[in-house]
Amino acid sequence: MNMLIAVLRELIGLFVDDGSLALMILAVVTLAGILATLMPDLRLAAGAILLFGCLGVLVANVAIAARR
Amino acid sequence: MTTVFLASLVEAVEALTIVLAVATVRGWRPAGLGAFAGLLVLALIVVALGPILDRVPLHLLQLAIGILLLLFGMRWLRKAILRSAGVIPLHDELMTFAAETAELREQARRNEARLDWLAALASFKAVLLEGLEVVFIVIALSAGRGMLIPASAGALAACLLVAGVGFLVHRPLARVPENTLKFAVGVMLSAFGLFWTGEGLGVAWPGADLAIVGFAVLFLTVGLASVAFLRRPRIKVLS
């Protein structure tokens with residue numbers, strides 16, 4: 001049982017270490033997804049949101065973590 | 001395949017530390033049996049999941065795998081940046097080895113009869129838990145592309161290399177630049193994740209597959225700049 005819990009914990013931990021990082025990434029992906037769906041002509045703009053959003057999330061997250 | 005190989009090196013070094021601790025306290029038999037059983041379970045997961053994912057529509061698979069790779073890669077990159085900047089301590093294989101050895105000796109003191117099982121279980125658990133990350137990377141980078149065998153071969157080559165060196169030197173591989181490898185793999189996985197998430201959303205990236213290289217350069221630049229920024233001396237203003 002302990003082993004199963006450890007495996008499940010490891011599986012979740014693969015993707016979520018710092019919850020705020022995961023949430024912000026998902027928010028950026030959702031935003032890009034909404035734009036790509038509502039405005040198919042602006043899919044490259046959705047790509048730009050995805051790219052710069054992820055880079056921004058990374059910088060913000062490490063800066064916040066360093067201040068803690 | 002390079003990404004899989006480098007990621008597998010990092011995880012294999014971490015698993016080796018525990019397996020070596022088990023071998024030091026209880027001998028190579030339980031350590032080896034536990035590690036072999038762990039590898040067998042991991043191989044079964046890859047064999048079972050790989051072909052199933054090949055049947056999922058590519059568009060959906062790209063989006064799902066892309067998002068998971070972004071979450072996974074950026075988690076590694078974040079940790080590597082914070083470690084490089086000295087915000088969190090580096091992973092210390094020697095300390096892990098000492099802690100695991102002490103725990104196994106304590107278990108030996110309490111329950112000698114079951115120790116071989118406990119030792120094998122510790123070895124099995126280490127290989128299984130560290131290997132799950134490798135399995136994810138192998139499946140994520142090969143799914144839908146028929147690349148399961150080369151990706152698995154890359155992972156296996158890294159594991160064999162680490163196991164061979166570990167067996168020869170018989171001590172934790174503390175000199176492997178684990179954080180640098182983690183930084184590099186984090187950059188590559190984030191770039192792949194971004195590319196596939198975009199493709200899954202229908203974005204036609206300029207330069208097609210070459211865009212991945214551009215994304216990797218951007219993630220690397222931002223990562224290194226973040227390390228430099230976080231390392232800079234802080235000036236305290238006294239009021």
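Colleague: Let's start with chain B: what percentage of its 239 residues count as buried?
Modeller: Happy to help, and please keep in mind that this is a predicted model. Along its principal axes, the C-alpha trace of chain B spans about 65 × 60 × 30 Å. Of the 239 residues in that chain, the share that counts as buried is 50%.

Colleague: How many helices and strands does chain B have?
Modeller: Reading from the N terminus, the elements of chain B run α-α-α-α-α-α-α-α. The tally for chain B is therefore zero strands and eight helices.

Colleague: In chain B, what part of the contacts with a separation of 6 or more comes from residues 24 or more positions apart?
Modeller: One pair from chain B gives a good illustration: Lys182(B) in α7 and Glu14(B) in α1 are 168 residues apart in sequence. For the contacts in chain B with a separation of 6 or more, residues 24 or more positions apart account for 85%.

Colleague: How are α2(B) and α6(B) oriented to each other?
Modeller: Two packed helices are described by the angle between their axes and the distance between the axes. Here the axes of helix α2 (residues 28–54) and helix α6 (residues 148–169) of chain B come within 12 Å and cross at roughly 170°. Angles over 145 degrees count as roughly antiparallel, so α2(B) and α6(B) are roughly antiparallel.

Colleague: Which residues of α6(B) meet α2(B)?
Modeller: By class, this contact has five nonpolar, two polar and no charged residues. From α2(B) come Trp28(B), Val46(B), Gly50(B) and Pro51(B), and they meet, in α6(B), Leu148(B), Ser152(B) and Phe167(B).

Colleague: Which residues have the most contacts inside the largest nonpolar core?
Modeller: In soluble globular proteins, nonpolar side chains tend to be buried together. The largest nonpolar core in this model has 97 residues. Leaving aside neighbours within four places in sequence, Phe219(B) is in contact with residues including Leu77(B), Val187(B) and Leu194(B), and also with Cys54(A), Leu55(A) and Leu58(A). The residues with the most contacts inside the core are Met74(B) and Phe219(B).

Colleague: What is the distance between the closest N and O atoms in the salt bridge of Lys182(B) with Glu14(B)?
Modeller: The structure holds two salt bridges over all chains, so let's take this one in turn. Lys182(B) lies in helix α7 (residues 178–200) and Glu14(B) in helix α1 (residues 2–26), so the pair ties together parts that are 168 residues apart in sequence. Lys182(B) is buried at a relative accessible area of 8%, and Glu14(B) is buried at 8% too. Their closest N and O atoms are apart by 3.9 Å.

Colleague: Which residue forms a salt bridge with Glu133(B)?
Modeller: In this salt bridge the closest N and O atoms are 3.3 Å apart. Glu133(B) is in helix α5 (residues 115–142) and its partner in helix α3 (residues 58–84), so parts 58 residues apart in sequence are tied together. Both partners are buried, and the one that pairs with Glu133(B) is Arg75(B).

Colleague: Is Arg78(B) buried or exposed?
Modeller: Arg78(B) has its place in helix α3 of chain B. Beyond residues up to four places away in sequence, Arg78(B) touches Asp17(A), Asp18(A) and Asn61(A), among others. Its relative accessibility is 9%, and the cut-off for burial is under 20%, so Arg78(B) counts as buried.

Colleague: What value is phi of Ala208(B) near?
Modeller: Ala208(B) is found in the loop between α7 and α8 (211–231) of chain B, and with a relative accessible area of 44% it is partly exposed. Its phi is positive, in a residue other than glycine, and lies near 50°.

Key: Residues numbered from 1 in each chain as written. Chains lettered and ligands numbered in written order. Predicted model: local features only at pLDDT ≥ 70, side-chain atom pairs only at ≥ 80, totals over all residues. Heavy atoms only, no water. Axes fitted to C-alpha atoms, helices over the stretch in contact; angles between N-to-C directions. Helix = DSSP H or I, 4+ residues; strand = E, 2+ residues; numbered from the N terminus. Parallel < 35°, antiparallel > 145°, perpendicular 65-115°, else oblique. Contact = heavy atoms within 4.5 Å. Nonpolar A, V, L, I, M, F, W, Y, C, P; charged D, E, K, R; others polar. Core = buried A, V, L, I, M, F, W, Y, C linked by side-chain atoms within 4.5 Å. Buried < 20%, exposed > 50% of the residue type's maximum accessible area, 1.4 Å probe, protein only. Salt bridge = Lys/Arg side-chain N within 4 Å of Asp/Glu carboxyl O.
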